[in-house]
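Hi everyone, and thanks for coming. I'd like to walk you through a structure that is new to most of you, so please have a look at it first.

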Amino acid sequence: MLTRRFILGALGAAAMSVPGSLAAAEEMYIPLVSKGFQHQFWQAVKLGAEQAADEFGVRITFEGPDNETMVDRQIDMLAAALANKPAAIGFAALDSQAAIPLLRQANDAGIPIVAFDSGVDSDIPLATATTDNAAAAGMAADKMAELIGGKGKVAVVAHDQTSRTGIDRRDGFVNRIEANYPDIEVVTVQYGQGDHLKSTEVTKAILTANPDLNGIFGTNEGSAIGVVNGVQELGTEGIVIIGYDSGKAQTDAVRSGLMAGAITQNPVGIGYETVKAAVMATKGETVPALIDTGFYYYDASNIDEPKIQAVLYD
């Protein structure tokens with residue numbers, strides 16, 4: 001859930017003003033272009049970015065397309081941000097390659113780029129603030145194997161095959177299963193575009209084609225909720241569902257037993273570290289190439305522990 005101190009931090013950022021024309025003229029501007037707004041995850045990232053903006057005395061904007069399939073719209077947003085000649089840019093790529101030409105322009109103009117959540121296939125970003133998605137998905141695979149008794153058939157409903165998060169979570173899960181669990185078969189990987197309605201239909205198709213399926217892994221918030229909905233709509237029993245992210249719909253599903261468990265990231269931390277790294281970069285300070293913001297697995301047994309509660313974003 002979003003804790004009170006983060007909410008207060010966001011309010012402080014929204015109310016921030018810099019007195020005097022000189023101070024206003026010198027205010028550092030850092031736009032952040034995210035993947036979207038339709039998930040609670042991105043609202044939590046925004047909150048962390050606002051907290052850092054307040055702390056470091058900079059002005060930020062935070063925007064993203066209406067959904068995570070709108071690569072062209074995101075590229076337009078990145079171009080607009082670049083045209084405003086910012087001090088630095090934070091960018092969460094929907095497509096790991098599509099934005100590279102614009103990132104080269106930013107690099108040529110001396111504008112530091114900090115990637116967040118999802119990197120790009122380029123060394124242009126000075127830093128990437130993200131979860132170790134391959135390792136986190138590997139943990140999800142270990143939990144899945146444990147819960148289905150080390151044998152059976154599983155499937156993956158992924159959010160995309162173009163972003164680094166989509167690729168790393170898919171491959172992290174599949175590779176761990178293939179390497180460590182010879183008696184478990186990944187029968188299919190399907191894509192629901194991170195949309196819970198599309199992921200519901202994808203899940204129903206998977207279940208219909210594989211009546212002996214034991215488990216499904218959903219690789220982001222929309223995917224995981226789609227899996228839950230698809231299983232419920234077909235009335236299928238005995239399917240182990242493991243998700244990724246921790247918005248309210250997922251935490252409710254874990255509490256009720258519909259979802260066995262999920263990986264939670266630290267989205268507030270991702271937003272905060274992105275702005276912090278951008279500020280450091282503009283000052284010529286050394287920024288770590290990878291800023292690992294951490295992850296946890298949560299289920300009904302530990303969801304109320306303080307370390308888990310701190311990174312949930314109801």
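Let me start with a question: which residue stands opposite isoleucine 263 in S12? It is tyrosine 297. Before I go on, a word on what we are looking at. This is a predicted model, where local features need pLDDT of at least 70, side-chain atom pairs count only at pLDDT 80 or more, and totals for chains, interfaces and linings use all residues. Residues are numbered from 1 along each chain as its sequence is written, and side-chain values use heavy atoms, with hydrogens and water left out.

The labels are simple: helices (H or I, at least four residues) and strands (E, at least two) are DSSP runs, numbered from the N terminus. Two strands are said to pair if DSSP finds at least two bridges between them.

Let's stay with S10, residues 261-264. S10 runs antiparallel to S12, and three bridges join them. With S9, S10 pairs in the parallel sense, again over three bridges. In that pairing, isoleucine 242 stands opposite glycine 261. S9, H10 and S10 together make a right-handed β-α-β unit. Right-handed here means that, with the strands pointing away from the viewer, the path from the first strand over the helix to the second runs clockwise.

Where do the side chains of S10 go? In a regular strand the side chains alternate between the two faces of the sheet. Gly261 and Ile263 point one way, Ala262 and Thr264 the other way, and all are buried. By buried I mean under 20% relative accessible area, with exposed over 50% and partly exposed in between (1.4 Å probe, protein chains only).

Now to S6, residues 152-158. Five of the seven residues of S6 are buried, so this strand is mostly covered. S6 pairs with S7, residues 184-191, in the parallel sense over seven bridges. Two of the partners are easy to find: alanine 158 has tyrosine 191 as its bridge partner, and valine 156 stands opposite valine 189. From S6 the chain crosses through H7 to S7, and this β-α-β crossover is right-handed. S6 also runs parallel to strand S8, residues 215-218, with four bridges between them. There, alanine 155 stands opposite isoleucine 216.

Next, a helix: how many of the 14 residues of H9 are buried? Ten of them are, including Ile225, Val227, Val228 and Val231. The length of H9 (residues 221-234) works out as well, because at 1.5 Å a residue it should span 20 Å, and its end C-alpha atoms are 20 Å apart. The expected span is 1.5 Å times one less than the number of residues.

Let's turn to the empty space. On a 1 Å grid over the protein atoms alone, a cavity is a set of points where a 1.4 Å probe fits but cannot get out, a pocket is an open set with protein on both sides within 12 Å along at least five of seven lines, and lining residues have an atom within 4 Å of a point. Grid points are joined across faces, edges and corners, and a volume is the space filled by probe spheres set on the points.

The largest pocket holds about 150 Å³ of space. Among the residues lining this pocket are Asp117, Thr130, Arg164, Asp168 and Asp292. Strand S5 (127-130), helix H7 (164-180) and strand S11 (290-292) each supply at least two lining residues. By class, the pocket lining has one nonpolar, six polar and five charged residues. Here Ala, Val, Leu, Ile, Met, Phe, Trp, Tyr, Cys and Pro count as nonpolar, Asp, Glu, Lys and Arg as charged, and the others, Gly among them, as polar.

There are also two cavities of 30 Å³ or more. The largest cavity has about 90 Å³ of space. Of its 13 lining residues, Phe41, Trp42, Arg169, Asn220 and Asp245 are the closest to its centre. H7 appears again here, since H7 and helix H3 (40-56) each supply at least two residues of this lining.

Aspartate 245 deserves one more look. This residue lies in the loop between S9 and H10, and it is buried, with a relative accessible area of 4%. Its phi is near 95 degrees, a positive value in a residue other than glycine. Thanks for listening!
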